[in-house]
Amino acid sequence: MNTLPFASRLVTVSLRVYARMLSFYPRRFRDEYGPHMLQVFGDCLRKTSERGGPAAVIVLWGNILIDYCKTLLEEHLEGMTDMNQTKFIRLSGWALMLGGLAVMLGWLAGTRPDYN
């Protein structure tokens, strides 16, 4: 049987889960900020657990998850905007072709006969 108190196990499991969550960030961001984020989370988690118990840890997780989803999306979108000239030319070529196709399909849809 596990001899650690529930609060200690909750902190340990929470740290493992959060460390795993950090692996979903882009590598550049994770390498630069991951260890610091894990340390700050651990400090906040321990302090919250000591002061408010398991209920406070659940509230902390709610706040963390909201921030996690927001920053995960922001960092992945930011990574997509890093563009060199070759990538820009390639993507703009596809965008022009798809735009032309969309205009042609819109014109065809507008010229179809009406059915009563």
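## Surface patch, core and salt bridges of a predicted model

L98, L101, M104, L105, W107 and L108 together make a nonpolar surface patch of about 630 Å². A patch is made of residues with over 30% relative accessible area and no salt bridge, where nonpolar side chains (Val, Leu, Ile, Met, Phe, Trp, Tyr) are joined within 5 Å and like charges within 9 Å. Accessible areas come from the Shrake-Rupley method with a 1.4 Å probe, and for residues only the protein chains shown count as cover. One member of the patch, M104, lies in helix α3, which covers residues 85-110. Helices are DSSP runs (H or I, at least four residues), numbered from the N terminus, as are strands (E, at least two). M104 is partly exposed, with a relative accessible area of 46%; buried means under 20%, exposed over 50%, and partly exposed in between (1.4 Å probe, protein chains only).

This is a predicted model, in which local features need pLDDT of at least 70 and side-chain atom pairs count only at pLDDT 80 or more, while totals for chains, interfaces and linings use all residues. Residues are numbered from 1 along each chain as its sequence is written, and side-chain values use heavy atoms, with hydrogens and water left out.

### The nonpolar core

The largest nonpolar core has 15 residues, and those with the most contacts inside it are Y18, Y25, F41, L45, W61 and I64. Such a core is a set of buried Ala, Val, Leu, Ile, Met, Phe, Trp, Tyr and Cys residues joined through side-chain atoms within 4.5 Å. Two elements, α1 (6-22) and α2 (27-80), give two or more residues to this core. Helix α2 gives the most, with nine residues.

Leaving aside its neighbours within four places in sequence, Y25 is in contact (heavy atoms within 4.5 Å) with R30, M37, Y68, T71, L72, E75 and H76. Of these partners, T71 has its place in helix α2 and is buried, with a relative accessible area of 16%. T71 and Y25 are 46 residues apart in sequence, yet their C-alpha atoms are 8.7 Å apart in space.

### Salt bridges

The structure holds four salt bridges. A salt bridge is a side-chain nitrogen of Lys or Arg within 4 Å of a carboxyl oxygen of Asp or Glu. Three of them are set out below.

| Pair | Closest N to O distance |
|---|---|
| R28 and E75 | 3.6 Å |
| R46 and D43 | 3.7 Å |
| K70 and E74 | 3.5 Å |

E75, which is also a contact of Y25, is buried at 12% relative accessible area, whereas its partner R28 is partly exposed at 40%. R46 and D43 are three residues apart in helix α2 and are therefore separated by about one helical turn. Both are partly exposed, R46 at 38% and D43 at 43%. K70 is partly exposed at 48%, and E74 is partly exposed at 38%. Because K70 and E74 are four residues apart in helix α2, about one helical turn separates them. Salt bridges that share partners also join R28, E75 and E78 into one network.

### Cysteines

A search of the whole structure finds zero disulfides, a disulfide being a pair of cysteine sulfur atoms within 2.5 Å. The sulfur of C44 has its closest cysteine sulfur in C69, 18 Å away, so the two are too far apart for a bond. C44 is partly exposed, with a relative accessible area of 37%.
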